[in-house]
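Please open the model in your viewer, with a cartoon display to begin with and side chains ready to be switched on as needed. The tour below goes from the whole chain to selected places in it, one selection at a time.

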Amino acid sequence: MGTFNYTSQLMQASGKTVTSSHDAASYMDLVHRYNDAIGLMKINRLHEAEILLRDVLNRQSHAGFDELAIALTQNELGRVLRHLGALDEALELLTKALEVRDRADEAAGSCIALTDGNLTRNEIAKVYEAMGDCTKALEIREPGKRICSNEACEAFDYLDGELLACSRCKCVFYCGKTCQRHDWKTRHKLLCQEIKMEKMLLWEWDQQV
């Protein structure tokens, strides 16, 4: 989930014309560093990925890349920070990215579920899950803009009404049982608020006995 050809998207989104060999070299160095960061994320070397993504984001801002190119990087850095537990900064970056990506999706007239904006929206919801705020996670996953929450999902499109909600917390959605089971084992089991509440009640009961 969330993988894309960053090189082509950045070139389309940057709004920057490469006018010299120096500009071209700097541009491609930025792209290569981003792709290196994505590779590090895939093997869970998140701190190294964070360093590269921060560098890319800083260089984009100073090199005059447009807001859509910057939003692409903000989204991935926000995703890394979520995994590292830096939730406040992740939320700030992802919120900025969402505003830009939603606007771009609307301008493009996209009508599929797996839009850039909805990918970022789902990342924000996962931050709220990690913060323990199921209500806000559900609010950001508004009807019509929900996607499968399994990070390994390979589905491209589906109808909102086809998604399965977590039977316990009702704030996480999946395109099928396979994705639901995978996310439960790898992520959601530790975050599901209903599970946390059950454990808390059991602990309180044990203290009283």
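## The whole chain

In this predicted model, the protein chain contains nine helices and two strands. If you colour the cartoon from the N terminus onward, you will meet the elements in the order α-α-α-α-α-α-α-β-β-α-α. Of the 209 residues in the protein chain, 43% count as buried. Of the contacts between residues at least 6 apart in sequence, 57% join residues at least 24 apart.

## The nonpolar core

Next, select M41, L53, I124, Y158 and C169, which are the members that touch the most other members of the largest nonpolar core, a set of 49 residues. The elements giving two or more residues to this core are α2 (21-42), α3 (46-63), α4 (67-84), α5 (87-108), α6 (116-131), α7 (134-140) and β2 (173-174), and among the contributors α2 gives the most, with eight residues. As general background, nonpolar side chains in soluble globular proteins tend to be buried together.

Keep I124 on display and add what surrounds it: apart from residues up to four places away in sequence, I124 touches L91, L94, T95, L98 and I140.

## Helix α3 and V56

Now move to helix α3 and pick out V56, which is found there. V56 counts as buried because its relative accessibility is 1%, under the cut-off of 20%. If you then draw a distance from V56 to I70, C-alpha to C-alpha, the two lie 9.0 Å apart in space, with their positions 14 residues apart in sequence.

## Helices α4 and α5

Select α4 and α5 together and hide the remainder of the chain. Two packed helices are described by the angle between their axes and the distance between the axes. Here, the axes of α4 and α5 come within 8 Å and cross at roughly 145°, and the crossing is left-handed. To see where the two helices meet, show side chains on both: the α4 residues in contact include E67, L68, A71, L72 and Q74, while those of α5 include L87, E89, A90, L93 and L94. L94 has already appeared on this tour, as one of the residues touched by I124.

## A buried lysine in α6

Bring the whole chain back and select K126, which lies in helix α6. Is K126 buried or exposed? K126 is buried, because its relative accessible area is 1%, and the cut-off for this is 20%. Leaving aside neighbours within four places in sequence, K126 is in contact with R82, R141, S149, E151 and R187, so a selection of these residues is a useful next view. 

## N150 and its partner

Follow the chain onward to N150, which is found in the loop between α7 and β1 (164-165). With a relative accessibility of 3%, N150 counts as buried. Show H182 as well, and you can trace a polar contact of 2.8 Å that joins the side chains of N150 and H182.

## The cysteines C169 and C171

Return to C169, which was among the core members selected earlier. A search of the whole structure finds zero disulfides, and C169 accordingly is in no disulfide; the nearest cysteine sulfur, that of C171, is 3.5 Å away. C169 is buried, with a relative accessible area of 11%, and C171 also counts as buried, at 2% relative accessibility.

## Two residues with positive phi

Finally, select N44 and K170 and look at the backbone. Most residues other than glycine have a negative phi. What is the phi of N44 near? The value is near 65°, which is positive in a residue other than glycine. N44 lies in the loop between α2 and α3 and counts as exposed, at 58% relative accessibility. From N44 to H83 the C-alpha to C-alpha distance is 9.5 Å, although the two are 39 residues apart in sequence.

K170 likewise has a positive phi near 65°, and its place is the loop between β1 and β2. K170 is partly exposed, with a relative accessible area of 47%.

Technical notes: Residues numbered from 1 in each chain as written. Predicted model: local features only at pLDDT ≥ 70, side-chain atom pairs only at ≥ 80, totals over all residues. Heavy atoms only, no water. Core = buried A, V, L, I, M, F, W, Y, C linked by side-chain atoms within 4.5 Å. Buried < 20%, exposed > 50% of the residue type's maximum accessible area, 1.4 Å probe, protein only. Helix = DSSP H or I, 4+ residues; strand = E, 2+ residues; numbered from the N terminus. Contact = heavy atoms within 4.5 Å. Polar contact = N/O pair within 3.5 Å; in protein donor to acceptor, adjacent residues only side chain to side chain. Disulfide = S-S within 2.5 Å. Axes fitted to C-alpha atoms, helices over the stretch in contact; angles between N-to-C directions. Left-handed = near helix turned anticlockwise from the far one by under 90°.
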